[in-house]
Each structure stands twice: as structure tokens, then as C-alpha cells.
Amino acid sequence: MSPLFLIFATIVLAFLLYRLLSPSKPLPPGPRPWPIIGNLPHMGPVPHHALAALARTYGPLMHLRLGFVHVVVASSASVAEQFLKNHDSNFSSRPPNAGAKYIAYNYQDLVFAPYGARWRMLRKISSLHLFSAKALDDFRHLRQEEVSRLTRNLAKAGSKPVNLGQLLNVCTTNALGRVMLGRRVFDDGSAGCDTRADEFKSMVVEVMVLAGVFNIGDFIPALEWLDLQGVQAKMKKLHKRFDAFLTSIIEEHKVSKTEKHNDMLSTLLSLKDVPDEEGTKLTDTEIKALLLNMFTAGTDTSSSTTEWAIAELLRHPKMLTRVQEELDSVVGRDRVVTELDLPHLPYLQAVIKETFRLHPSTPLSLPRIAAESREIFGYHIPKGATLLVNVWAIARDPKEWSDPLEFRPERFLPGGEKPQVDVKGNDFEVIPFGAGRRICAGMNLGLRMVQILTATMIHAFDYELENGMNPEKLNMEEAYGLTLQRAAPLSVHPRPRLSPHVYS
Ligand code: HEM
């Protein structure tokens with residue numbers, strides 16, 4: 001056989017093998033990656049903004065390469081629906097990342113647990129004991145007490161301005177603490193608060209900031225040990241602080257176990273060593289990891305959304321008046337609003353939906369990973385690809401929303417453009433809680449908390465901004481982390497507007 005023929009045959013064979021083994025469909029479009037680092041430089045300081053801008057060029061289904069990892073980004077409702085509904089079971093685990101390893105007890109928590117028996121057990125336990133309709137109703141009085149406490153403290157504020165976001169955070173943390181641990185986490189001395197509250201909130205915010213960093217080691221495993229951004233070192237340090245905090249809570253709880261407890265931690269401790277029907281047992285570490293999840297995922301998300309809602313209302317005085325009129329007509333001025341009033345407050349509900357649309361507290365949701373390769377809208381999605389859903393961009397898509405940047409709650413009311421649309425994961429144009437199997441476990445609690453807090457704050461007080469600032473000048477910039485904080489905290493003078501006995 002001639003050498004020329006051999007070379008020719010080899011080339012043809014290689015070509016055929018390449019065609020046979022490589023996917024028949026192309027990857028989705030996206031910006032050209034750099035060698036090794038890929039598209040990491042494209043992420044910019046605020047990734048959900050950078051990705052939204054890129055999607056305007058490359059379309060709603062985009063492919064990036066971050067280091068050595070394939071990343072697909074969904075930036076429209078229909079693309080998100082493909083991933084989170086039609087192909088949800090294939091995208092039900094989260095990709096490996098330093099946060100899960102170094103903060104969340106090496107994936108032993110609920111948020112990062114691989115999809116499988118242990119995830120099901122953790123999700124079932126929290127659904128049953130914390131988030132079922134019954135559990136939510138059983139603990140309603142505790143949330144109400146914490147909100148009333150905040151109301152009383154704000155009424156005593158006097159001439160000093162208060163940092164509303166901080167106090168809302170103390171309230172959500174204490175309400176959760178009472179359900180989870182059977183006790184408040186912080187003191188909240190009149191109008192000020194426990195110094196540990198600052199420390200705790202800063203820990204939660206730090207988790208979110210660190211978890212929001214695109215850590216080079218997650219995308220270029222060979223460089224993990226170098227920890228180029230110093231993220232892993234910060235995570236380890238933070239983990240130690242959190243672990244000490246959680247260990248002390250559990251120890252205190254064990255010491256006081258002679259008292260009758262009706263809280264989630266007691267239930268978790270009693271479930272230890274009892275296998276569930278799939279034979280899975282709960283460990284001490286899993287209990288701590290679950291507490292960590294609830295206090296990180298469940299406090300700042302709700303309080304910062306409430307802070308955004310109040311800021312938007314202060315910037316839109318006519319809407320503020322309309323919410324107050326609705327509350328006055330349904331509740332009156334002789335008592336505080338309760339969760340039982342919420343179904344009768346349609347305008348307030350629309351204000352909350354509009355806040356979730358413009359200020360989703362987790363703008364890139366939480367990442368998922370492709371268990372197997374898939375074809376979506378004619379593109380090849382490789383096995384192992386990370387999926388990012390740009391919840392923030394989807395909710396501002398001009399193809400879905402008229403004047404998308406305007407705060408306009410009326411769009412959710414009868415006669416508006418989206419009267420039937422809700423934020424609970426079925427209408428993909430607004431999915432602040434994600435969707436599918438791994439939708440936010442605490443959605444119903446988060447919704448109730450944001451609704452009752454916003455209703456109470458608006459019903460019980462008028463507000464002046466610190467230093468007589470004009471509300472139109474309120475800084476609405478975002479500070480980036482995994483969650484969407486206000487760049488400038490909301491500093492206000494609350495002025496009671498209900499009968500004086502309500503505050504006593
Ligand atoms: C304003 C309130 C909240 C928002 C906007 C929010 C948002 C989210 C989002 C976007 C996800 C990822 C969903 C996905 O992958 O599709 C998530 C997951 C999760 N959230 Fe929330 N959340 C909120 C409140 C809460 C609360 C109050 C808790 C608990 C006390 C909580 C606990 C969790 C947990 C445990 C997960 C992980 C679920 C899993 O992986 O199976 N969240 N949340």
C-alpha cells in the first residue's frame with residue numbers, strides 16, 4: 001500500500017471519527033474566550049449586569065467558557081423554562097464550588113447537596129417542620145410578635161435616624177430563630193440593636209459576597225491551591241466564625257433541653273440516628289449545615305427585599321399613599337395588620353411582586369449542573385456544563401415587560417399587562433425564587449415575611465429620609481454579592497401614624 005494512500009485513509013478515518021464523536025449540534029453563541037481563563041474577564045464587577053449586556057449581543061441562550069468549565073446562561077423566560085421545567089431533572093444538582101466545600105460543611109447542607117437521597121431527606125425535613133402550610137400557620141404568632149416588637153422599637157426612635165435594613169434583618173433573624181431554635185438570636189434594645197446583630201448580618205452578607213465571587217479555582221482546578229483571589233482563605237475563616245456561632249447555639253440548646261421545646265432544632269436532634277425510609281440518617285454536621293442554610297438563605301433575602309420595597313414606595317409617594325389607603329380601609333388605624341389581612345390587600349401584593357421583579361434578591365439564582373448532555377433550542381449543552389439563570393435580566397426583558405425599568409405595580413392588577421402572573425416559579429418571566437425541583441425551599445416563608453413586614457412598616461409609619469433628603473434623590477444602586485444589597489442603606493425617621501395604643 002502506498003504511503004500516500006495510508007495518510008489519506010488516516011485523515012478520512014480521523015474526520016469520520018471526529019464527526020461521529022463530536023455533537024451534531026453547535027454550542028450556543030457567546031463571546032470568544034481567552035486562552036485558559038476563557039470568559040472570566042467578561043464577568044466584570046457586577047456579573048448579572050455584564051451577562052445581561054452580553055445576552056443583548058449573543059441572545060438569550062449563551063455559551064461561555066469560564067476557565068475550563070462550560071457555562072450556559074439563560075436570559076429569557078422561554079429559555080429558562082426549557083432548563084427548569086422541560087429538562088429540570090437533568091439540571092437538579094449544583095456544580096462543585098469552593099463555597100459549598102469550605103463554608104457549607106463540604107456539601108453536607110441542603111443548598112448544595114447533590115440531587116439524591118440525602119438531598120430528599122433534608123428537603124423533606126425542612127418542608128415538613130418549617131415550611132408546610134401547617135408549620136407556617138403554627139408559627140404565625142411568633143412572626144407577628146417579632147414584627148410587633150420591631151414596630152414598638154421604631155416608635156421609640158425619637159430624633160435619631162434608624163438604619164431600617166439592619167432592624168428588618170434583626171426582625172427576620174429573630175423570627176426565624178424562634179421557629180428554628182425556640183429563641184431569639186439577638187436582643188433588640190429600643191431602636192438600636194444587639195452588637196452581635198451587626199456581626200451576624202456582616203457574616204451573612206460576607207457569605208453572599210464570597211459566594212457571588214467567580215472564584216478562579218472553581219473554573220481552573222489546577223490553580224485552586226494558589227487561591228489567587230484569597231477567596232478560599234476568607235471562606236475558611238468565615239466558616240470558623242459561623243461554626244463557633246452554630247456550635248454554641250446547639251450546646252445552649254442541649255443544656256436547656258429539660259424545658260419543653262417545640263422548635264426545629266429539637267426535632268432535628270430527635271431525628272438523629274433514626275434512619276428515614278431510604279435508610280438515610282441525619283448527622284450533627286448536617287444539622288449545623290441546615291441551620292447555616294436557613295440563617296443565610298432565609299434572613300437577608302427577605303429583609304433586603306423589604307428594604308427595596310419600602311425604598312421604591314418612598315420614591316413613589318402616590319403609590320405609598322395608595323398602599324396606606326388600602327391598609328386603612330381593610331385594617332383601620334386601631335390595630336396592626338396581620339398575616340390574615342394579606343389576602344385582602346391586592347395593591348400591596350402587586351407592590352411586592354413588582355419589587356421581586358426589579359430587585360430579585362438572588363439575581364443569578366443558584367447555579368445548576370448538567371448531569372448529561374442535552375439539545376436545547378437546537379444547541380448542544382454539554383454534560384457537566386454549569387447553568388446560570390439570569391433572573392434579574394429575565395424580569396427586565398423588554399420583550400416581556402412594557403417599560404421594564406419602571407416600578408409599576410399596576411401591571412400585576414386586573415387590566416394590567418400581567419394580571420395572572422405570580423412569582424412562585426410557574427411564570428418564567430419573573431422567577432425570583434428559581435423554579436423546578438430545586439426551587440427555593442423557603443419560598444412561602446420568604447413571601448409571608450416580606451409581605452407582612454412591608455405591610456406593617458407602611459401601615460404603622462410615615463417616613464422622612466435622613467437629613468431631609470428628597471425621596472426622588474434616593475440612591476437605588478445595587479451592591480453586588482450573590483444577593484442584591486442596597487449600595488446605600490435606607491436611613492429614615494419613622495413617624496407613627498396609628499392610634500398610640502397600637503405601639504404600647
Ligand atoms: C425573599 C426571599 C427569598 C428569595 C428571593 C430566595 C431565593 C432563592 C433562590 C433563587 C434559590 C435557588 C433556586 C433554584 O436553584 O432554582 C433559593 C434556594 C433556597 N432557598 Fe431561598 N429565597 C428566599 C428566602 C428563603 C428562606 C426564608 C429560606 C429558609 C428559611 C430559604 C431557603 C432556601 C434553601 C434551603 C434553598 C436551596 C433549595 C435546594 O437546593 O433544594 N430561602 N432561594
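These are my notebook entries on a predicted model, taken element by element.

**Ground rules.** Residues count from 1 along each chain as its sequence is written. Since I'm on a predicted model, local features need pLDDT of at least 70 and side-chain atom pairs count only at pLDDT 80 or more, while totals for chains, interfaces and linings use all residues. My helices (H or I, at least four residues) and strands (E, at least two) are DSSP runs, numbered from the N terminus.

**Entry 1: the ligand.** I looked up what sits around the ligand, taking a residue as near if its C-beta atom, placed from the backbone, lies within 6 Å. The shell holds 27 residues, and Gly298, Gly434, Cys440, Gly442 and Gly446 are the closest. By class I get 14 nonpolar, eleven polar and two charged residues. For that sorting, Ala, Val, Leu, Ile, Met, Phe, Trp, Tyr, Cys and Pro are nonpolar, Asp, Glu, Lys and Arg are charged, and the others, Gly among them, are polar. Helix 13 (284–297), helix 14 (300–315) and helix 18 (443–460) each give at least two residues to the shell.

**Entry 2: serine 302.** I picked this residue from helix 14. Is serine 302 buried or exposed? It counts as buried because 27 C-beta neighbours lie inside 10 Å. The cut-offs: 20 or more other C-beta atoms within 10 Å of a residue's own is buried, 12 or fewer is exposed, in between is partly exposed, and C-beta atoms are placed from the backbone. Next I listed its contacts, meaning C-beta atoms, placed from the backbone, within 7 Å. Leaving out residues up to four places away in sequence, serine 302 touches Thr172, Gly446, Met449 and Val450. Gly446 also turned up among the closest residues to the ligand. I checked arginine 149 too: it is 153 residues from serine 302 in sequence and 17 Å away in space, C-alpha to C-alpha.

**Entry 3: helix 16.** This helix covers residues 346–358. The expected span is 1.5 Å times one less than the number of residues. With 13 residues helix 16 should therefore span 18 Å, and its end C-alpha atoms are 19 Å apart, which agrees. Eleven of the 13 residues are buried, so I'd call it mostly covered. The buried list includes Lys353, Glu354 and Arg357 alongside Leu348, Val351 and Phe356. These buried residues pack against helix 14, helix 15 (317–331) and helix 18.

**Entry 4: helix 7 and the three-stranded sheet.** Helix 7 (residues 140–155) has 16 residues, which should span 22 Å at 1.5 Å a residue; the end C-alpha atoms are 23 Å apart, so that agrees. Among its buried residues are Arg143, Glu146, Leu150 and Asn153. What do the buried residues of helix 7 pack against? I found strand 3, helix 8 (164–181), helix 18, strand 8 and strand 11.

Those three strands make an open sheet in the order 3-11-8, paired antiparallel. Its edge strands, strand 3 (162–163) and strand 8 (461–465), each pair on one side only. Pairing here takes at least two DSSP bridges between strands. Strand 3 meets strand 11 (residues 491–496) over two bridges, with asparagine 163 opposite serine 491. Strand 8 joins strand 11 through five bridges; tyrosine 463 has proline 494 as its partner.

**Entry 5: the four-stranded sheet.** Here the open sheet runs 1-2-7-4 with mixed pairing. Strand 1 and strand 4 (368–369) are the edges, each pairing on one side only. Strand 1 and strand 2 are antiparallel over six bridges, and histidine 63 partners valine 72. Their hairpin has two residues between the strands, and glycine 67 takes a positive phi near 60 degrees. Strand 1 is mostly covered, with six of its six residues buried: Leu61, His63 and Arg65 point one way, Met62, Leu64 and Leu66 the other. At the far side of the order, strand 4 pairs antiparallel with strand 7 over two bridges.

**Entry 6: helix 3 and the core.** Helix 3 (residues 77–86) buries Val79, Ala80, Glu81, Phe83 and Leu84. They pack against strand 1 (61–66), strand 2 (69–74), strand 7 (386–389) and helix 17 (391–394). I followed alanine 80: beyond neighbours within four places in sequence, it contacts Ala74, Val389, Ile394, Phe428 and Ile431. A nonpolar core is a set of buried Ala, Val, Leu, Ile, Met, Phe, Trp, Tyr and Cys residues joined through C-beta atoms within 7 Å. The largest one has 126 residues, and Val73, Ala80, Ile310 and Leu387 touch the most other members.

Methods: Two residues are in contact if their C-beta atoms, placed from the backbone, lie within 7 Å.
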